[in-house]
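Reader: I should like to learn how aromatic rings and sheets are read in a model. Could we work through an example together?

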Amino acid sequence: MQIIKLNAIDSTNSYLKNLSRVSRIVDETVVTSKSQTEGRGQMGSTWSSKAGQSLTFSIFKRFYNLDVNKQFAINIAVSLGVLNALKNLNVPLLSIKWPNDIMSRSKKVGGILIENLLESGNVKSSVIGIGLNVNQTGFQDYPQATSLLLSTGNKFILDEVLETVINAVLIELKHLEKKDFQILKTDYEKFLFRKDVVSVFAENETDSFNGIIKGTTDEGRLIIETEENTLHQYEVKEIKMLF
């Protein structure tokens with residue numbers, strides 16, 4: 001594992017992607033930055049973090065036999081890896097808000113952005129961006145956000161959290177191609193935020209309805225049971241949970 005530490009960058013994901021285009025970088029290379037000015041989330045959303053109080057980093061992972069139809073397995077492995085790391089740091093009441101927001105005490109403590117390079121029906125490599133609120137205490141524009149400090153009452157050393165999370169994620173990724181996908185997906189679904197309880201959702205940003213999260217498809221779509229006892233599948237950004 002090689003770690004590249006930067007003071008400031010627009011996006012650690014973009015940096016790693018550009019680096020991989022011009023050179024054959026070492027597998028499991030990590031890029032971390034104290035400040036990230038253009039952090040990105042799922043489907044073009046933004047990730048805001050405070051320099052010196054949060055972690056923003058990206059991991060480059062090469063694959064050799066991972067079918068393109070199993071891309072969601074990468075999302076699962078990374079989410080479970082982050083969850084395992086936070087458990088080891090005694091962060092309470094952890095869950096995964098579909099598809100890959102990391103929650104503690106029902107508030108978002110971290111986010112994940114995965115960008116895959118596909119070739120001949122397989123995933124050739126992934127750039128995995130992770131943002132984690134560590135010692136930040138103010139979230140004026142993000143009332144549903146929290147940090148490790150707010151959730152536990154303890155202040156953390158950033159480098160120790162970084163090492164713990166990287167190691168836990170890489171453990172999951174190293175075994176990904178050999179693991180049974182259905183077992184992996186079942187483990188992921190156990191931690192789905194608000195699974196099997198009635199929640200309010202908004203479809204197309206306007207129409208709201210009550211539904212119950214039942215799980216995910218193999219491709220990563222969210223399965224929701226409506227009040228009519230019918231099951232519907234949703235892609236990312238097709239639906240929003242209103243709690």
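Author: We begin with an aromatic cluster, and the model we are reading is a predicted one. Phe201, Phe209 and Tyr234 together make up one aromatic cluster.

Reader: How many aromatic pairs does the structure hold, and how is a pair of aromatic rings described?

Author: A pair of aromatic rings is described by two quantities, the distance of the centres and the angle of the planes. The structure holds three aromatic pairs. One of them is edge-to-face: the rings of Phe72 and Tyr188 are 5.5 Å apart centre to centre, with 85° between the planes.

Reader: Where in the chain do Phe72 and Tyr188 lie?

Author: This pair links distant parts of the chain, with Phe72 in helix 2 (residues 72-88) and Tyr188 in helix 5 (residues 181-190), 116 residues apart. Both Phe72 and Tyr188 are buried.

Reader: Which arrangement do Phe209 and Tyr234 adopt, stacked or edge-to-face?

Author: Planes under 30 degrees apart count as stacked. Phe209 and Tyr234 have 25° between the planes and 6.3 Å centre to centre, and their pair is stacked. The pair links distant parts of the chain: Phe209 belongs to strand 9 (residues 207-216) and Tyr234 to strand 11 (residues 231-234), 25 residues apart.

Reader: Are Phe209 and Tyr234 buried or exposed?

Author: Both Phe209 and Tyr234 are buried.

Reader: Which rings have a lysine over the face?

Author: Here one reads the distance from the ring centre. Lys61 lies over the face of Phe63, at 5.5 Å from the ring centre. Lys70 lies over the face of Phe181, at 5.4 Å from the ring centre.

Reader: Let us turn to the sheet. What is the order of the seven strands?

Author: The sheet is open, its seven strands follow the order 1-2-3-7-6-5-4, and the pairing is mixed. Strand 1 (3-9) and strand 4 (94-97) stand at the edges; each has a single partner strand, so one side of each is left without a neighbour in the sheet. On average, neighbouring strands of this sheet are turned by 20° against each other, direction ignored.

Reader: In which sense do strand 5 and strand 6 pair?

Author: Strand 5 (residues 101-104) and strand 6 (residues 107-119) pair in the antiparallel sense, over four bridges. Ser104 has Lys107 as its bridge partner in strand 6.

Reader: Which strands does helix 4 lie across?

Author: Helix 4 (residues 158-174) lies across strand 1, strand 2 (30-36), strand 3 (54-62) and strand 7 (122-133). Helix 4 runs at about 25° to strand 3.

Notes:
Residues numbered from 1 in each chain as written. Predicted model: local features only at pLDDT ≥ 70, side-chain atom pairs only at ≥ 80, totals over all residues. Heavy atoms only, no water. Phe/Tyr/Trp six-rings, centres within 6.5 Å; stacked < 30°, edge-to-face > 60°. Helix = DSSP H or I, 4+ residues; strand = E, 2+ residues; numbered from the N terminus. Buried < 20%, exposed > 50% of the residue type's maximum accessible area, 1.4 Å probe, protein only. Lys NZ or Arg CZ within 6 Å of the ring centre and 35° of its normal. Pairing = 2+ DSSP bridges. Axes fitted to C-alpha atoms, helices over the stretch in contact; angles between N-to-C directions. Contact = heavy atoms within 4.5 Å.
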